[in-house]
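Biologist: I have a protein model to learn from. Can we go through it step by step?

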Amino acid sequence: MNTMGNTGSPAKVGLFEKISYGAGDTGFNFYWTTISAFLMIFYTDVFGISAAAAGTMLLTTKIVDAITDPIMGAIADRTKTKWGKFRPYILWMIIPMIGAGVLTFSTPDLDEGGKLIYAYATFTLLMVIYTAINIPYNALSGVMTPDGQQRSTIISFRFIGGFLGGTIVTYFTPPLVKYLSTTFGGGDETVGWQLVMVVYGIIAGLLFLNLFLNTRERVEPLQEKNASPLRDIRDLTQNGPWVVLFFLALIIMVTITLRMSTSAYYMKYYIERPDLTGAFLTVYGIALAVGSACTPILTRFFDKKHILMVLMAIVGVLCVAFYFVPKDQIGVLFALQILIGLTLGPKSPLAYSMYADTADYNEWKTGRRATAMTFSAATFSQKLGGALASFVIGIVFSALGYVANQAQTGASQSGIVMLMTLAPGAVALFAAIITGFYSLTKQDLDTIQIDLAERKLASHD
């Protein structure tokens, strides 16, 4: 590992390394986007369990994440290998990740109760393995360079890659499921979904291998201090900027998941054009990638906090506007979908860059650097936000009489529209308010970096 840490001029991260890091998130989105966009409708319309049961399952499994996420963060922070702290897990978890993804999207020949148990077991397994590979990946961005602007660029590459992966998934999944079902399953969609995850797993595995081989860890802690994982957690709870980001990530993920998970239902049952689902989600993914690519430009001229506040307020207004568009105005719906994607695109690189900043702040304040723990708790907040959104969808669908693969009642249609428009709009506006409580400015971070560099130099004298 390069031990330059916070001393001297920040090490430059080359273009290919940035691309390799970003391509890693392309791999993760063969899972994350498939879960966000299609898992609910897979469970209700293919696997064969009720919307309420699926939503409840997705929420209650977060109890496991509440335990495994910080444990994985603590383990990764204390790992020492010739490859660094975080990169080894990206290599070790490739095969388990592929297997868990296939199992989750397989449909056993069981009654509904048996299927529900199977869903709990396989989805929990998938999330545990996802934790073991994704938390080290998140933390890696915080140790590739100590320079805040370079981090913003690296993380922008990450989310360009992530949104590219999401776009591929949303565009190709419906036709690929149909093709594989017809070709290998005699029209059985359960076979199609299983084989899709085989294909996605192999592609993701190759991207993870490339990530491991072509990235480096450069930032080491200011000094090694023995601290328990509980001390790491206590440090985070006393890190005001991080606490704000924790709740902000949860709230924003509710916004994203409400729209993403409802989109397939919205196009199938309200617009009555399920053939447009792939295109509808694809233009959104492309817009997200374009918005993400603009992040380094924005951060050169404006403070991250203010950018995020304005963007989330605009997202809220656009989501509310979506509600008033008649369902036959397909062009207008697509245009608003693109605008929401462009505006929401910078959110992810901004938030993750801010998480890395809070890790620096924590080291400056306490003398201890717990990068993976910082990101693990952040990851949990996102998972919890997504699960809360899925739970709300399941409960609303159940209460309003949703029946899979049938024409929906007026109440059920209204619920789908509300979950696609007004609900995420209100949550996005709330996120804009919460962002105002974030306290780290660019001037603060410049001071922190200078101070950390001076401490590092002093420790070597």
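Modeller: Start with the contacts, meaning heavy atoms within 4.5 Å. Take the contacts in the protein with a separation of 6 or more. Residues 24 or more positions apart account for 84% of them.

Biologist: What should I know about the source of the model?

Modeller: This is a predicted model: local features need pLDDT of at least 70, side-chain atom pairs count only at pLDDT 80 or more, and totals for chains, interfaces and linings use all residues. Residues are numbered from 1 along each chain as its sequence is written, and side-chain values use heavy atoms, with hydrogens and water left out.

Biologist: How many helices and how many strands are there in the protein?

Modeller: Both are DSSP runs, numbered from the N terminus: helices are H or I with at least four residues, strands are E with at least two. The count is 0 strands and 19 helices.

Biologist: What radius of gyration does the protein have, against that of a compact globule?

Modeller: The radius is taken over C-alpha atoms, and the globule rule is 2.2 Å times the number of residues to the power 0.38. With 461 residues, that rule gives a value near 23 Å. The protein agrees with it, at 22 Å.

Biologist: What percentage of the residues count as buried?

Modeller: Buried means under 20% relative accessible area, exposed over 50%, and partly exposed in between (1.4 Å probe, protein chains only). Of the 461 residues, the buried part is 61%.

Biologist: Which residues have the most contacts inside the largest nonpolar core?

Modeller: A nonpolar core is a set of buried Ala, Val, Leu, Ile, Met, Phe, Trp, Tyr and Cys residues joined through side-chain atoms within 4.5 Å. The largest one here has 140 residues. Helix H10 (residues 240-270) gives the most to this core, with 20 residues. The residues with the most contacts inside the core are Tyr43 and Tyr266.

Biologist: Leaving aside neighbours within four places in sequence, which residues is Tyr43 in contact with?

Modeller: Among them are Gly48, Ile49 and Ala54. The rest of the list is Met57, Leu58, Thr104, Ala119 and Phe123.

Biologist: How many salt bridges does a search of the whole structure find?

Modeller: A salt bridge is a side-chain nitrogen of Lys or Arg within 4 Å of a carboxyl oxygen of Asp or Glu. The search finds 9.

Biologist: How many residues apart in sequence are the parts that Glu17 and Arg218 tie together?

Modeller: Their closest N and O atoms are 2.8 Å apart. Glu17 lies in helix H1 (residues 15-47), and Arg218 in the loop between helix H8 (189-214) and helix H9 (229-237), so the pair ties together parts whose separation in sequence is 201 residues.

Biologist: Is Asp69 buried or exposed?

Modeller: Asp69 forms a salt bridge with Lys383, at 3.2 Å between the closest N and O atoms. Asp69 lies in helix H3 (residues 62-77) and Lys383 in helix H16 (residues 371-399), so parts 314 residues apart in sequence are tied together. Lys383 has a relative accessible area of 3%. Asp69 has 0% relative accessibility, so Asp69 counts as buried.

Biologist: Which residues are linked with Asp69 and Lys383 in a network of salt bridges?

Modeller: The network holds Asp69 and Lys383. The others linked in it are Lys62 and Asp65.

Biologist: How far apart are the end C-alpha atoms of helix H18?

Modeller: The expected span of a helix is 1.5 Å times one less than its number of residues. Helix H18 (residues 422-435) has 14 residues, so it should span 20 Å. The model agrees: its end C-alpha atoms are apart by 20 Å.
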